[in-house]
Amino acid sequence: MHPTVNIAVRAARAAGDIILRYHNQVDLLTIENKSENDFVSEVDKTAESAIIKEIKKAFPQHSVLGEESGKMIGDNDYQWIIDPLDGTTNYLHGFPQYAVSIALIEKKITSHAVIYDPFKEELFTASKGEGAYLNNERIRVTSTNGLKDTLIGTGFPFKHPQHLDCYIETFRAIHPHVSGIRRAGAAALDLAYLAAGRLDGFWEIGLNSWDMAAGALMVKEAGGFIGDFSGRDKYMETGNVVAGNSDVYKQILKKIHPHLTQDLQR
Ligand code: IPD
Ligand code: CA
Ligand code: CA
């Protein structure tokens, strides 16, 4: 494992310990509403501080973008993107589908990624050009052709209700052609599952960069494709994302594109 990934893994495990410490006592947590349907607890914040502490210990000059603490200025050629708890709503309901997501972007290119599910003890790692791994075993996307028999992941736009009608149209466009559609509630894990061949494709409207920075590298290193709604690579900026194995990626894009409102066609 690359030494930088080792640091990220140590940081993710520190956060995972905090997440697990409270997972049976969520009723004791103080929960704040950041915006509509967007919750944060002290677990998210404490986990993020633990991650930043580990990263800063090893790389004091690097800059950091954390979901809960925002931007920490440093050397912009090296930026860590952190989601300390992806799947907060699941976590707060005791629904065990959540993870820590950490990525390093070097000179605008994502170089390392870690997604850690502390409940299931699943550690997904990837480094650019070196493949993707689940608990140190190499993972790859599926090789299905066409949408028939596929299992597709998605996210509902709870935080962006203005896109609900359009989302439902994209759902309608995919639904008749696939075996099943899952909304598991943690986008970082959705992308990690795609990398591991547990899902064949994925689409979601309105994600943040911290939801997908690590997962995007994971998908690419597992041989998959990821892009925005116009098939280009601006998904970290637009937040609109399609991913899949080579064929499923193209098929999802083709099916949803005619149903997108103008502001979502990118
Ligand atoms: C959320 C999850 C969810 C996705 C939301 C994200 P959070 O992240 O990834 O699957 O649908 O858009 O915001 O808030 O739990 O870190
Ligand atoms: Ca998230
Ligand atoms: Ca989060």
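The following conversation walks through the sheets, metal sites and ligand contacts of a predicted model.

Biologist: Which conventions apply to this model?
Modeller: It is a predicted model, in which local features need pLDDT of at least 70, side-chain atom pairs count only at pLDDT 80 or more, and totals for chains, interfaces and linings use all residues. Residues are numbered from 1 along each chain as its sequence is written, chains are lettered from A and ligands numbered from 1 in the order in which they are written, and side-chain values use heavy atoms, with hydrogens and water left out.

Biologist: Let us begin with the sheet of eight strands. What is its strand order?
Modeller: The order is E4-E3-E5-E6-E7-E8-E9-E10, in an open sheet with mixed pairing. Strands are DSSP runs of E with at least two residues, helices are runs of H or I with at least four, and both are numbered from the N terminus. Two strands pair if DSSP finds at least two bridges between them.

Biologist: Which strands are at the edges?
Modeller: E4 and strand E10 (137-139) are the edge strands, and each pairs on one side only. On average, neighbouring strands of this sheet are turned by 20° against each other, direction ignored.

Biologist: How do E3 and E5 pair, parallel or antiparallel?
Modeller: They pair in the parallel sense, over five bridges. Within this sheet, Val64 stands opposite Trp80 in E5.

Biologist: Which helices pack on it?
Modeller: Helix H2 (residues 42-58) touches E3, E4, E5 and strand E6 (99-106), and its direction makes about 145° with that of E5. Helix H6 (residues 209-221) lies across several strands, including E3, E5, E6 and strand E7 (109-117), and runs at about 100° to E7. For these angles, axes are lines fitted to C-alpha atoms, for helices over the stretch in contact, and the values run from 0 to 180 degrees between N-to-C directions. Contact means heavy atoms within 4.5 Å.

Biologist: Now the metals. What coordinates the calcium ion (ligand 3)?
Modeller: Glu67 (OE), Asp83 (OD) and Leu85 (O) coordinate it, at 2.2 to 2.4 Å. Donors are N, O and S atoms within 2.8 Å of the metal, or 3.2 Å for Na, K and Ca; water is not among the atoms, so sites may look incomplete. Along the chain, the donors of this ion follow the spacing E-x15-D-x1-L.

Biologist: Where do Glu67 and Leu85 lie?
Modeller: Glu67 is in the loop between strand E3 (62-66) and strand E4 (70-72), and Leu85 is in strand E5 (residues 75-86), so the pair ties together parts that are 18 residues apart in sequence.

Biologist: Are those two residues buried or exposed?
Modeller: Glu67 counts as buried at 17% relative accessibility, and Leu85 is buried with a relative accessible area of 1%. Buried means under 20% relative accessible area, exposed over 50%, and partly exposed in between, with a 1.4 Å probe and protein chains only.

Biologist: What about the calcium ion (ligand 2)?
Modeller: Asp83 (OD), Asp86 (OD) and Asp211 (OD) coordinate the calcium ion (ligand 2), at 2.1 to 2.3 Å. Its donors follow the spacing D-x2-D-x124-D. Asp83 coordinates both calcium ions, which are 3.7 Å apart. Asp83 is buried, with a relative accessible area of 0%, and Asp86 is buried at 6%.

Biologist: How many residues surround ligand 1?
Modeller: 14 residues surround it, and the closest are Asp86, Gly87, Thr88, Lys159 and Glu204. An oxygen atom of ligand 1 is 2.6 Å from an N or O atom in the side chain of Asp86. A polar backbone atom of Gly87 is 2.7 Å from an oxygen atom of the ligand, and a backbone N or O atom of Ala186 lies 3.2 Å from an oxygen atom of ligand 1.

Biologist: Changing topic, what is the order in the sheet of five strands?
Modeller: This open sheet has the order E12-E11-E13-E15-E14, with mixed pairing. Its edge strands are strand E12 (180-182) and strand E14 (225-227), and the twist averages 15° from one strand to the next. Strand E11 (residues 151-154) and strand E13 (residues 201-204) run parallel and are joined by three bridges; in E13, Gly201 is the bridge partner of Ile152.

Biologist: Which residue lies in strand E14, and how accessible is it?
Modeller: Phe225 lies in strand E14 and counts as partly exposed, at 40% relative accessibility. The C-alpha atoms of Phe225 and Val64 are separated by 26 Å.

Conventions. Near = heavy atom within 4 Å. Polar contact = N/O pair within 3.5 Å; in protein donor to acceptor, adjacent residues only side chain to side chain.
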